[in-house]
Amino acid sequence: ARALSLNLKAKKSKLQCEEHQEELKLFCKTDKKLICLICAAAREHKSHSFMPVDEAILFYKEQAKSSSESLTERKSKIEQMEQEQKESISGVQEESQNLQSQITSQFAELHQILTEKEQRLLGDVQEEEEKIVKTMEKNLQEMQENLISIQEELSKLQEQIDHKDGVMFLKEEA
């Protein structure tokens, strides 16, 4: 109880003019502060406009309420815009993922097509190589057989030249 009475005294002392120790009954709209009746009559506040404290409380509470409502409405609009922005971001990300998947899929398809084409072309080249090499090996074999035949004839001729006398040589040639 004692603490409560001290609080009430502290609150009352706050509502007294520091200069005149009078109760603060007016609100100076010009300076935006609480003043006593003596201060209101003083030169300092002579041309200022005043209102009773209770009226000032209602007026400023009404202003605060109006500002609060306006800010609440603004907050609500911004939250809605924020939600729409998040949804847009999500949509863009989803669209991007779909596009990336589509690109990956199409390139995989193209890789497959190119790999198959590469294998076909490599097969064609190898087949063509085999045909050409087979023909060339056949020609080579014919050349080697020709060389062997020529070599045999040369050996025979050389043998005739080396081993027989001249008369026998002419007789065989004729």
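**Exercise 1. Find the atoms that join K75 and E79, and place both residues in the chain.**

Step 1. In this predicted model, the side chains of K75 and E79 meet in a salt bridge, with 3.7 Å from N to O.

Step 2. The cut-off for a salt bridge is 4 Å between a side-chain nitrogen of Lys or Arg and a carboxyl oxygen of Asp or Glu. The 3.7 Å of K75 and E79 lies within 4 Å.

Step 3. K75 and E79 both belong to helix α3 and stand four residues apart, so about one helical turn separates them.

Step 4. E79 has a relative accessibility of 40%, so this residue counts as partly exposed.

**Exercise 2. State how many salt bridges the whole structure holds, and describe the others.**

Step 1. The search of the whole structure gives three salt bridges. The pair K75 and E79 is one of them.

Step 2. E73 and K77 form another, at 3.6 Å from N to O. Both residues lie in helix α3, four residues apart, or about one turn of the helix. K77 is partly exposed, at 49% relative accessibility.

Step 3. K86 and E82 also form a salt bridge, and their closest N and O atoms are 3.8 Å apart. These two residues are again in helix α3 and four residues apart, so they are separated by about one helical turn.

Step 4. For K86 the relative accessibility is 48%, which counts as partly exposed. E82 is partly exposed as well, with a relative accessible area of 42%.

**Exercise 3. Count the aromatic pairs and describe the geometry of each.**

Step 1. A pair of aromatic rings is described by two values, the distance of the centres and the angle of the planes. Rings pair if their centres lie within 6.5 Å, and planes over 60 degrees apart count as edge-to-face.

Step 2. By this rule there are two aromatic pairs.

Step 3. One pair is F27 with Y60: the centres are 5.1 Å apart and the planes are at 65 degrees, so the pair is edge-to-face.

Step 4. The pair of F27 and Y60 links distant parts of the chain. F27 sits in strand β1 (residues 26-28), Y60 sits in helix α3 (residues 53-163), and 33 residues separate them.

Step 5. Is F27 buried or exposed? Its relative accessible area is 11%, under the 20% limit, so F27 is buried. Y60, in contrast, is partly exposed at 26%.

Step 6. The other pair is F59 with Y60, also edge-to-face, with 5.0 Å centre to centre and 90 degrees between the planes. F59 is partly exposed, with 38% relative accessibility.

Step 7. Together, the ring pairs link F27, F59 and Y60 into a cluster.

**Exercise 4. Decide whether C28 and C36 take part in a disulfide.**

Step 1. A disulfide is a covalent bond between the sulfur atoms of two cysteines. The cut-off used is 2.5 Å between the sulfur atoms.

Step 2. The search of the whole structure finds zero disulfides.

Step 3. C28 is in no disulfide, and the nearest cysteine sulfur, that of C39, lies 9.8 Å away. C28 is buried, with a relative accessible area of 0%.

Step 4. For C36 the nearest cysteine sulfur is also that of C39, at 3.6 Å, and C36 is in no disulfide. The relative accessible area of C36 is 0%, so C36 is buried.

**Exercise 5. Name the residues of the nonpolar surface patch and place I113.**

Step 1. L99, I103, F107, L110 and I113 make a nonpolar surface patch of about 470 Å².

Step 2. I113 belongs to helix α3.

Step 3. With a relative accessible area of 45%, I113 is partly exposed. Patches are made of residues with over 30% relative accessible area, so the 45% of I113 meets that cut-off.

**Exercise 6. Describe the chain as a whole.**

Step 1. The chain has four helices and three strands. Along the sequence they follow the pattern α-β-β-α-β-α-α.

Step 2. What share of the 174 residues counts as buried? The share is 8%.

Step 3. The chain exposes about 15800 Å², and carbon and sulfur atoms supply 55% of that area.

Step 4. Among contacts with a separation of 6 or more, 19% come from residues 24 or more positions apart.

Conventions
Residues are numbered from 1 along each chain as its sequence is written. This is a predicted model: local features need pLDDT of at least 70, side-chain atom pairs count only at pLDDT 80 or more; totals for chains, interfaces and linings use all residues. Side-chain values use heavy atoms; hydrogens and water are left out. Rings of Phe, Tyr and Trp (its six-membered ring) pair if their centres lie within 6.5 Å; planes under 30 degrees apart count as stacked, over 60 as edge-to-face and the rest as tilted. Buried means under 20% relative accessible area, exposed over 50%, partly exposed in between (1.4 Å probe, protein chains only). Patches are made of residues with over 30% relative accessible area and no salt bridge: like charges are joined within 9 Å, nonpolar side chains (Val, Leu, Ile, Met, Phe, Trp, Tyr) within 5 Å. Accessible areas come from the Shrake-Rupley method with a 1.4 Å probe; for residues, only the protein chains shown count as cover. Contact means heavy atoms within 4.5 Å.
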